[in-house]
Amino acid sequence: MFRSLDSKLLKKSLLALGLGAALTLTGTAQAGQYGIGAKATPEEIAGWDIDIRPDGKGLPAGEGTVEAGEALYEQFCATCHGLFGEGEGRWPVLAGGQDTLTEERPTKTVGSYWPYASTLYDYIRRAMPFTAPRSLSDQQVYDITAYVLYLNEIIEEDFVLTKDNLASIKMPNEENFFVDPRPDVKNKRCMKNCADPKKLQIAGTLRGITPVGHFVEGADAPAASHDAQMEQEQHKEKVRKATLKGETLAAHGGSAKAALSEMATAGKSTYDGACKVCHGSGLTGSPKFGDADVWAPRIQKGMPTLVQNAIKGFTGDTGVMPPKGGRVDLSDKQVEEAVAYMVESSQ
Ligand code: HEC
Ligand code: HEC
C-alpha cells in the first residue's frame, strides 16, 4: 500500500533522488492529498530511519561493554567471522590486516580500513548476523560493536562504549579517506561565458584511465585519422608486395626516407607515447606527422625554436600545443628527441 511519508523522511528520499528543489516548491506533502494512504507513524519512520552518521547522529540511547560483547559475538558471529575476527573459511575477516593496504592483496578489515566507528554500529545493526539481519537489540549491537573494536585493538578491555563517545573513537585509517585533491575534479560549473568546447582538448592520455572512446580501438591515433590509417595500410601492403617481387619501393612512387639521426631515432618512442595522439592525424590543428608541406614553414623557424615551443607550449594560428604535449613528466631532452623525430620524418 502507498503511504505518504513524514516530511523528514520524504526530504531524505527526495534529496537522494536529487529532487531537493522540487521539495521547496511543493512544500510538505499532506496526508490524503491524493485521497490514498495514511500518514506514517513515528514508529514506522523510526523503523526505516536507522542510518548513523560519523558524528554519531542517529545513534540510539545505550552503552555496551567488551565483556558482554564477547559472549554475544561468540554466539552470533564467530561461526562465520572466527573467534578473533580472523574469518572462518572464506567469510570476511573483521580484525587485523594493519599495514597491508599497500600490498597487492590488502586485508581490509574494520581496523585496517574503515574510516569511522559509526559505520560499524550501523552495519551490524542493519545487516548482521548475515542470516538474521535486524534481529539484535540496540543494546546487543553496542556490546558487539565494542567487542569488534576491542578485537582490532582500538579500545581497551574495560572501555564502555556509549552513544556519546562512539563518534570520538579515532579509527586508524581515517586519514586515508580524503576529498580528492586532483584539479580536474574541482572544476566549477560554468553557466555563461564558458570556454569554447571546440578549444577543449585532451592534453595527455593515460592508458586504461583516460576515456578514449572516440579514438579508434587499438590505435594511438584518434578516429579522425582513420582514412590516414587505411592509406598507411595500403602503403604497407604495396611495400610488402614489392619486397616479395624484389622490387624497390621507389619504383612504385613511394618515398624512401633518409636514415634518421641518432637523436631522432631515440625520439620515436616518446613521439608514439606522447605526441602521436595529436600529431599522428593533425588533431586539434597540429602539424601532421609526415606532411612535408605543413611542416616546411615550421621547420624554417629552426630547431631551437621548435624545441622551445614544444617544451614551453605554443599557441599559433592553427591551435594550442600544450607544454610537452601535456606530459609534464617528460624531460626536456625527451621532447627535443621527439621533435627531431617529427621534423626528420616530415621533410
Ligand atoms: C552466516 C555467516 C555470518 C554470520 C553469522 C555473521 N556474518 Fe558478518 N558477514 C557475513 C558476510 C557474508 C559478510 C559480507 C556481506 C557483504 O559483503 O555483503 C559479512 C560482513 C560483515 C562485516 C563487514 C566486513 C567488511 O569489512 O566489509 C561486519 C563488520 C560483520 N559482518 C559483522 C558481523 C557481526 C558482528 C556478526 C554477529 C552479530 C556477524 N557479522 C555475523 C557473514 C556472517
Ligand atoms: C593535444 C594535442 C597535442 C599533443 C599531444 C602534442 N602536440 Fe605538438 N602541437 C599541437 C598543436 C595544435 C600544434 C600547432 C600549434 C599552432 O601552430 O597553432 C602543435 C605544434 C607542435 C610543434 C610546432 C611548434 C611550432 O613552433 O610551430 C612541435 C615541434 C610540436 N608540436 C611538438 C610536439 C611534441 C614533441 C609532442 C609530444 C611530446 C607534441 N607536440 C604533442 C598539438 C599537440
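## Ligand 1 and its shell

Three helices, α5 (78–81), α6 (117–127) and α7 (138–151), each give at least two residues to the shell around ligand 1. The model is predicted. The shell holds 20 residues, and C77, C80, M128, P129 and F130 come nearest to ligand 1. By class, 15 residues of this shell are nonpolar, four are polar and one is charged.

Two of the nearest residues, M128 and P129, share a cis peptide bond, with omega near -5 degrees. P129 sits in the loop between α6 and α7. Most peptide bonds are trans.

## Helix α7

α7 also contributes to the shell of ligand 1. The helix has 14 residues. From first C-alpha to last it reaches 20 Å, close to the 20 Å expected at 1.5 Å a residue.

Most of α7 is covered, with twelve of its 14 residues buried. The buried residues are Q140, V141, Y142, D143, I144, T145, A146, Y147, V148, L149, Y150 and L151. Their cover includes two strands, β1 (63–65) and β2 (160–162), and two helices, α4 (66–76) and α6. Just after α7 comes E153, with a positive phi of about 55 degrees.

## Ligand 2 and its shell

Around ligand 2 there are 34 residues. C275, C278, G316, G319 and G325 come nearest. At least two residues of the shell come from each of α9 (262–279), α11 (303–312), β4 (320–321) and α12 (332–344). α9 supplies the largest share, six residues.

The shell of ligand 2 divides by class into 16 nonpolar, 13 polar and five charged residues.

## Where α9 meets α12

Two of the helices that supply the shell of ligand 2, α9 and α12, also meet each other. Their axes come within 6 Å and cross at roughly 85 degrees. That angle lies in the range of 65 to 115 degrees, so α9 is roughly perpendicular to α12.

On the α9 side the contact is made by M263, A264, A266, G267, K268, T270, Y271, A274, C275 and H279. On the α12 side it is made by Q334, E337, A338, A340, Y341, M342 and E344. Together these residues divide into ten nonpolar, four polar and three charged. C275 appears both in this contact and among the residues nearest to ligand 2.

## Helix α12

How far apart are the end C-alpha atoms of α12? They are 18 Å apart. This agrees with expectation, because 13 residues at 1.5 Å a residue should span 18 Å.

Q334, V335, E336, E337, A338, V339, A340, Y341 and M342 are buried in α12. The buried residues pack against α9 and α11. Several of them, including Q334, E337 and A338, are buried and belong to the contact with α9.

## Positive phi in two loops

Most residues other than glycine have a negative phi. D99 departs from this, with a positive phi of about 65 degrees. It lies in the loop between α5 and α6. K324 also has a positive phi, near 55 degrees. It lies in the loop between β4 and α12.

Which of the two is buried, and which is exposed? D99 is exposed, because 10 other C-beta atoms lie within 10 Å and the limit for exposure is 12 or fewer. K324 is buried, because 23 other C-beta atoms lie within 10 Å and burial takes 20 or more.

Conventions
Residues are numbered from 1 along each chain as its sequence is written. Chains are lettered from A and ligands numbered from 1 in the order in which they are written. This is a predicted model: local features need pLDDT of at least 70, side-chain atom pairs count only at pLDDT 80 or more; totals for chains, interfaces and linings use all residues. A residue is near a molecule or strand if its C-beta atom, placed from the backbone, lies within 6 Å of it. Helices (H or I, at least four residues) and strands (E, at least two) are DSSP runs, numbered from the N terminus. Ala, Val, Leu, Ile, Met, Phe, Trp, Tyr, Cys and Pro count as nonpolar, Asp, Glu, Lys and Arg as charged, and the others, Gly among them, as polar. Axes are lines fitted to C-alpha atoms, for helices over the stretch in contact, and angles run from 0 to 180 degrees between N-to-C directions. Angles under 35 degrees count as roughly parallel, over 145 as roughly antiparallel, 65 to 115 as roughly perpendicular and the rest as oblique. Two residues are in contact if their C-beta atoms, placed from the backbone, lie within 7 Å. The expected span of a helix is 1.5 Å times one less than its number of residues.
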